[in-house]
Every structure is written in C-alpha cells, then in structure tokens.
Amino acid sequence: MAISELFDLSGKVAVITGGAGGIGVVYAKSLCEAGASVLVADLDDEAARRTADDLVTAGFAAAHTPVDVRSSESAGAMAAAAIDAFGGIDILVNNAAIMTDLPPYGLHNMPVAEWDRVMNVNLRGPLLCTQAVLASMQKRGGGRIINGLSAGAFITGGIYSLSKYALHGLTLNLAAELGPQGINVNAIAPGLVNNESGYRSLPKDSPFREALAARIPGKTSGPPEDIVGVLLLLCSCAGDWINGQTILVDGGWIARL
C-alpha cells in the first residue's frame, strides 16, 4: 500500500459524539479532510447543525443529529441517523464528556446523584454509543472505536480522573471482545490542551497548571490539532494492528511502566 493511502478514509463513515465543541470540531474537520463522511452528534443540536453546515460549506460530506449519550434510545437514533445519511458506520469517536462542570466534592462526600451525573456521561455514554453502532460495523466487516480519555486518568484527580480511568478499563475490555470481529477499540489520552474547555477546567494562569507543566519533560501543552495525528492513525489502515491501547499525547507527562 502506498504511504498516501495509509491514512486515507475515503468511503468511511465516522460518528463523533460531542462533535460540536472543542476537540470534537477539530476531529470532525480532520476526518472530513481525510475523506470520511462525518455525522456530528451533540447534546446541543443547534451547535451540531452549525458545525455540520460549516463542513458542508467547505465541500465535505457532513450531517448532524442531537444525542444524549446517557440514553440508549438516543444513541440508537444517532446510529440510525448516520445510516440514513451515509449508509453505515465505520468509525465511532466517543468524545462527549463532562470535563468542566464537575461536582465540587471529594469522593468521600460526593452525593450519589453527582456521581451518577458524571459517570453516566463519561462511562455509560461510550458504552451505549458503542452498543448502538455495533450492528452496522459488523455488517460492514469491522470498524474503529476511539474513546476520549485524558492523561488525568492516570493521576489522582477525583471523579473526573476516576471516570476516565474506568473508561480506560472499558476500552481494554471492549477491545478484547470486539477485536475478533475486526473492530479495534482504542483510546486517546491528551495532556494539557490549549483550548476554551481546557482553560475552563484548568485556567491558563493557574499555578496548578504551571506546576503540572513543570513535571512534563517534553512539550508541555498543545492545541487540539496536535491530537489529530493519533486520531487518524487509529481510524485508518495505518492502525490496523493497534487494538486495546490508550495512547498518551502529553509530552511524556504520564510514564506507565
């Protein structure tokens, strides 16, 4: 295969949850540029429509749909929308997450309702969306599922870190179950991302951000565009042999032996 074909996604259909904001918009544009047709799915349907319209105006194949990833019915409707628009599903990017509106509690005193609110989006959501797209991927002979993790999964950081570490475990288990069906399941764990949501969760001038950056031996932070290379690797033929992996894009912040 020619090098130019390794990352080519022509003829593929991708679904991105949380596709109307932050990293999701960058992911949607990048997958379109690689040749995929993209369904932008988001709880904010108006924002999803604007994102998809911008992609269509730029000459790409894109559509939008509302999705509440906490609901199996909504996830099923999302999958149906992708099939109606483009004929099937090859790629699912589980990008939707609660990152900034986190409960102001420690784990020891967290109300169960707040625990459920975060876990229902950050862990239940990727599972339900995976279940929703499986039939189409199986019909098409395989697929790729990419879960949005965080380098914060591998440090002590309360409910957010715990939810993302649990998603790391879900990634491993789904990879073991679905790999024999030609469906690779992997995750991307970014470090300190320079965008609006990243700054809302950890302000640009925060001493804690500075302290974290001081521990990173390589590049300390980057924009969402710096994550795109790994996304395209995991979605394309170049990543055929990669399954059950969480790839850290963090400048060497997290060292896992």
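Start by selecting strand 2: six of its six residues are buried, so the strand is largely enclosed by the rest of the structure. Keep in mind as you go that this is a predicted model.

**Stop 1: strand 2 and its neighbours**

Turn on the side chains of strand 2. Ser 37, Leu 39 and Ala 41 point one way, while Val 38, Val 40 and Asp 42 point the other way, and all of them are buried. Now add strand 1, residues 13-17, which runs parallel to strand 2 and is joined to it by five bridges. To see the register, pick Val 13, which stands opposite Ser 37 in strand 2. Trace the backbone here: the chain leaves strand 1, passes through helix 2 and arrives at strand 2, a β-α-β crossover that is right-handed.

Next, bring in strand 3 (residues 62-66), another parallel partner, with five bridges to strand 2. Ala 41 is the residue to click, since Thr 65 of strand 3 stands opposite Ala 41. The route between these two strands goes through helix 3 (residues 45-57), and this β-α-β crossover is right-handed.

**Stop 2: helix 2**

Go back to the helix you passed on the way into strand 2. Helix 2 covers residues 23-33, and eight of its eleven residues are buried, so the helix is largely enclosed by the rest of the structure. To colour the buried set, select Ile 23, Gly 24, Val 26, Tyr 27, Ala 28, Ser 30, Leu 31 and Cys 32. Then step just past the end of helix 2 to Gly 35, where phi is positive, at about 115 degrees.

**Stop 3: strand 6**

Jump to residues 183-190. This is strand 6, mostly covered, with eight of its eight residues buried. Ile 183, Val 185, Ala 187 and Ala 189 point one way from strand 6, and Asn 184, Asn 186, Ile 188 and Pro 190 point the other way.

Which strands should you show with it? Strand 5 (residues 143-148) runs parallel to strand 6, and six bridges join the two. Within that pairing, Ile 145 has Val 185 as its bridge partner in strand 6. Follow the chain from strand 5 through helix 6 (residues 158-178) to strand 6 and you have traced a right-handed β-α-β crossover. Strand 9, residues 246-249, also pairs with strand 6 in the parallel sense, over four bridges. Click Pro 190 and look across to Val 249 in strand 9, which it stands opposite.

**Stop 4: the largest nonpolar core**

Select Met 78 and Leu 92, the residues with the most contacts inside the largest nonpolar core, which has 44 residues. Strand 2 (37-42), helix 4 (72-86), helix 5 (112-139), helix 6 and strand 6 each supply at least two residues of this core. Helix 5 gives the largest share, eight residues.

**Stop 5: Val 93**

Move to strand 4, residues 91-94, and pick Val 93. Is Val 93 buried or exposed? Its relative accessibility is 2%, so Val 93 counts as buried. Now draw a distance from the C-alpha atom of Val 93 to that of Asn 109: these residues are 16 apart along the chain, and the separation is 33 Å.

**Stop 6: the second largest pocket**

Finish at the second largest pocket, with about 220 Å³ of space. It is lined by 16 residues, and the closest to its centre are Lys 12, Gly 143, Arg 144, Cys 235 and Asp 240. Colour the lining by type and you get four nonpolar, five polar and seven charged residues.

Methods
Residues numbered from 1 in each chain as written. Predicted model: local features only at pLDDT ≥ 70, side-chain atom pairs only at ≥ 80, totals over all residues. Heavy atoms only, no water. 1 Å grid on protein atoms, 1.4 Å probe; cavity = no way out; pocket = protein on both sides within 12 Å on 5 of 7 lines; lining within 4 Å. Points joined across faces, edges and corners; volume = space filled by probe spheres on them. Nonpolar A, V, L, I, M, F, W, Y, C, P; charged D, E, K, R; others polar. Buried < 20%, exposed > 50% of the residue type's maximum accessible area, 1.4 Å probe, protein only. Pairing = 2+ DSSP bridges. Right-handed = clockwise from strand over helix to strand, strands pointing away. Core = buried A, V, L, I, M, F, W, Y, C linked by side-chain atoms within 4.5 Å.
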